[in-house]
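Me: I would like to go through this model and ask what stands behind each label. Please set each value against its definition.

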Amino acid sequence: MKNVLALLYLLGSISHALAQCTVPASEFQLQGEYLLGGLFDIHHVSAPVRQDRPEVIDCSRKPLILSSYQRFQLMRFTVEEINNSTILLPNVSLGYDVFDHCSDTHNFPGILKLISVNGLIQPWVDPRENLSKVSKMIAVVGPFSSSNTLAVAPFFMMDLIPVVSYGAASSAFSTKLKFPSFLRTVHPNTEVIEVFVNIVQHFNWRWVAFLNSDDDYGKDGLELFIKRIKDTEICLAFAQGVNENTNFSQMFKQIKEQRIGTIIVFVTEMTAEALIESAIQLNITNKVWIAADTWSLNKRLPKEKGIKNIGTVLGVSQPVVPIPGFSNFIYSFKSQNHCENTEENTFCNQFCNCSSLSAEDIIFMDPSYSFPVYSAVYAIAHALHNALQCEAGKCNRNITVYQHMVLAELKRSNFTLLNRSIWFNENGDPNFGSYYIVFWNHSGEAEEIGFYKSAHYSINSTKIQWHTNGKVPTSLCSPGCPVGFAKTQDGMHKCCFKCTLCPNRTYINSTEDPYSCIDCKETEWSAAGSTSCKLRLVEYIPFTDSGAILIMLGAFALMALTLAMTVLFAINYNTPVVRSAGGPMCFLILGCLSLCSLSVFFHFGKPTLSFCILRFMPFLLFYTICLACFVVRSFQIVCIFKMAAKFPKLHSWWIKYHGQWLVITVAFVTQAILLLFSYCFAPPKPYNETVWYPDKIILGCEMNFNVSSASLIVLLSLCSLCFIFSYMGKDLPKNYNEAKAITFCLLLLILTWIIFATVYVLYRGKYIQTINALAVLSSLYSFLLWYFLTKCYIIIFQSHRNTQQYFQGLIQNYTKTISQ
């Protein structure tokens, strides 16, 4: 009896167990009046598939991506939630047909099934002609990766089947001409790259490496990063596409050799795990890692042993939005004792082979893309709601819904989901959501430290536990230059430079251009190593200057003396001293000396064009007459005492045609023409001397010596002739030797201008004008004092020497001396 009871108990237990073990419908399919296609990379193909015959890859035999499986379950949950709602699609059942899209090259049967109607693909057929050919599949959710999306999206674009991706971030999908029916619930890579650049600039990191996954997603990120940093101070020191098979040892060796402290890791989740694990094993330390949103919230890596040794990990993440009821859905689903039925006829890649997963395994995976999946399904549901004109708890079932109608409503989406407004821009990109900036703290958690939303950026640096004992680490090719130094690029990267001190008259503005020393304006100056320019001190000799007053008084005294001498010579005009001094020529010389003194007054005051002309012209013109007169006078002395006897005809011609006045006139006219020519083409003009003194501007007048050289040559020629003739008469009578007086005056004149030229070469300050005026005045006084004053002395104090008998006696004595 006991054996019978035991057998009955055993049979009851077996029957109870069989009752608990059910074979449910496939997770990948749910019947409904309208279907959503789903593409999730639940498994991962890491290497190219080699095959000997045409066949589709079996995804279930590849490594499982648990986070993708979580997103797949989230789509199932969302559809179930919508079906249980009495508001969004009342009395309308929504189903799905999901495929495991583990490869972008060997996984197309599921795609063909999604675009088929009743098992047939008939492009270019108007479905309105036969309503039985209208597809129940109204939109597709997915795929996740950019590469998979680029591979399959064209199949859907032709018939404008809406594709709402929850992870494809490549900027290529914003081009509506190529992808007219593509939308996404994640932001394009452009915005992620913008966050990267903001983080790098915030911490003043200029020398960075960019590691991107070797696929369309990573290559797009790299291109965007290079383009974005083009006009910034950030330098891309190293870039490489990576995958699970990359030689990480060689890669990290190059990064170490280049002294790169900041590494941006723009890769997929599985590649990031392989990369970070290699960094731990290879003992890569003291780096700043900036994680992309694909792996910044990874649950396993922050708790990996040795993760603290690699440095500091920052990241950009999708906002984590808890999905109410999802955990209960997973627990309920896993609590059912499902029996795997491998003989069940499932369509290609609609088998998971993941019954061993626990509810906790699924729930506690990286939640980064949970809300994008959730909002993608709801966006399609709201579009269907609008297409069916659902209101007041019912929908219009008489409306035939075409896929392009759902697309049109998707583009107009504007609804609220979990307190977030959902809508898309003209490119099909989301106009909702933001990015969080996270830090992997020492507890193994991704701690939020900042956010980025619509160009608004904020980060709390105090929350970051740097690997450099609280100090923000640096990542620079070259340290910054000291104040006043410009950067000189050293090599191909602008971040590698040498520091060069900015010289005088330049300054450096590190904010605008740290690579160039900027020249100061002509009115400004700066010392070496300056960061700005200062106004120069403008200097010139005013009329009130004490030196100027003394020189002008000297000029007035000269005029007074010339006037007095003119009167004295006029009174004693017929005396031998006046006649031997030149007679009427004396009055011409005295008048020209007085007119020359006018130039002195224009050496003072602020230079103008008229001042510059009058500073040189009176002296050059009238001093030419003076020298011409002395040339003639010297020639006459030599001719009278020496040439009259030897060249009588020349002497008679000179007397007959008044040769002295002819020479003076020719010299005057020649100089006048030359001055007129030079002043018409290149007159003296105001000039600012800015070379000699870096902090001053000396106002003066500039003469074009190339144009004015002819008039100066005339003066030098006259001076030379005068000196030659006067020197020839050096042995004339001692008491009647005007030639010696003229020679002495010329020596004073030459000495004066040699001194001035020497000073001019050594000194260009404002007092050069005073020295110039003094040289002019000295030139005038040399003839006035040493030639005319001696004559005046004889006339006034030694009248006995001013007689005809005295002069004849001197001549007779000289004649006797020569004859002996």
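Me: Where is F156 found?

Reply: F156 is found in helix 4. Helices (H or I, at least four residues) and strands (E, at least two) are DSSP runs, numbered from the N terminus. The model is predicted: local features need pLDDT of at least 70, side-chain atom pairs count only at pLDDT 80 or more, and totals for chains, interfaces and linings use all residues. Residues are numbered from 1 along each chain as its sequence is written, and side-chain values use heavy atoms, with hydrogens and water left out.

Me: Why is F156 called buried?

Reply: Buried means under 20% relative accessible area, exposed over 50%, and partly exposed in between (1.4 Å probe, protein chains only). F156 has 1% relative accessibility, so F156 counts as buried.

Me: What is F156 in contact with, leaving aside its neighbours within four places in sequence?

Reply: Contact means heavy atoms within 4.5 Å. With neighbours within four places in sequence left aside, F156 is in contact with I111, L114, I115, V140, I161, V163 and S181. For E445, 289 residues apart from F156 in sequence, the C-alpha to C-alpha distance is 40 Å.

Me: What makes N84 exposed?

Reply: The relative accessibility of N84 is 59%, and therefore N84 counts as exposed. N84 lies in the loop between helix 2 (66–83) and strand 3 (94–100). Its C-alpha atom is separated by 39 Å from that of A455, 371 residues apart along the chain.

Me: Why does L160 count as partly exposed?

Reply: L160 has 32% relative accessibility, so L160 counts as partly exposed. Its place is in the loop between helix 4 and strand 5 (163–165).

Me: What is phi of L160, and which other residue has a phi near 55°?

Reply: L160 has a positive phi of about 55° although it is not a glycine. Phi of Q389 is near 55°, again a positive value in a residue other than glycine. Most residues other than glycine have a negative phi, and most peptide bonds are trans. Q389 is placed in the loop between helix 11 (370–387) and helix 12 (403–411). N204, just after helix 5, takes a positive phi of about 60°.

Me: Which bond is cis, and what is its omega?

Reply: The peptide bond that joins G142 and P143 is cis, with omega of about -10°. P143 is found in the loop between strand 4 (137–141) and helix 4 (146–157).

Me: How do you know that the span of helix 6 agrees with what is expected?

Reply: The expected span of a helix is 1.5 Å times one less than its number of residues. The 13 residues of helix 6 (residues 216–228) should span 18 Å, and its end C-alpha atoms are 18 Å apart, so the two agree. Its buried residues are Y217, G218, D220, G221, L222, L224 and F225. They pack against helix 4, helix 5 (189–202), strand 7 (207–213), strand 8 (235–242) and strand 9 (262–266).

Me: Why is helix 5 called largely enclosed by the rest of the structure?

Reply: Of the 14 residues of helix 5, 10 are buried, so helix 5 is largely enclosed by the rest of the structure. Its buried residues include V192, F196 and I199. Helix 5 reaches 20 Å from its first C-alpha to its last, close to the 20 Å expected.

Me: What makes C745 buried, and where does C745 lie?

Reply: C745 has 0% relative accessibility and therefore counts as buried. C745 lies in helix 21 (residues 738–762). Leaving aside neighbours within four places in sequence, C745 is in contact with S782, F783, W786 and Y787. The C-alpha atoms of C745 and S779 are separated by 8.6 Å, with their positions 34 residues apart along the chain.

Me: How does the radius of gyration of the chain stand against that of a compact globule?

Reply: The radius of gyration is taken over C-alpha atoms, and the globule rule is 2.2 Å times the number of residues to the power 0.38. A compact globule of 820 residues would have a value near 28 Å, but the chain has 53 Å. The C-alpha atoms fill a box of roughly 190 × 65 × 55 Å along the principal axes. Of the 820 residues, 50% count as buried.
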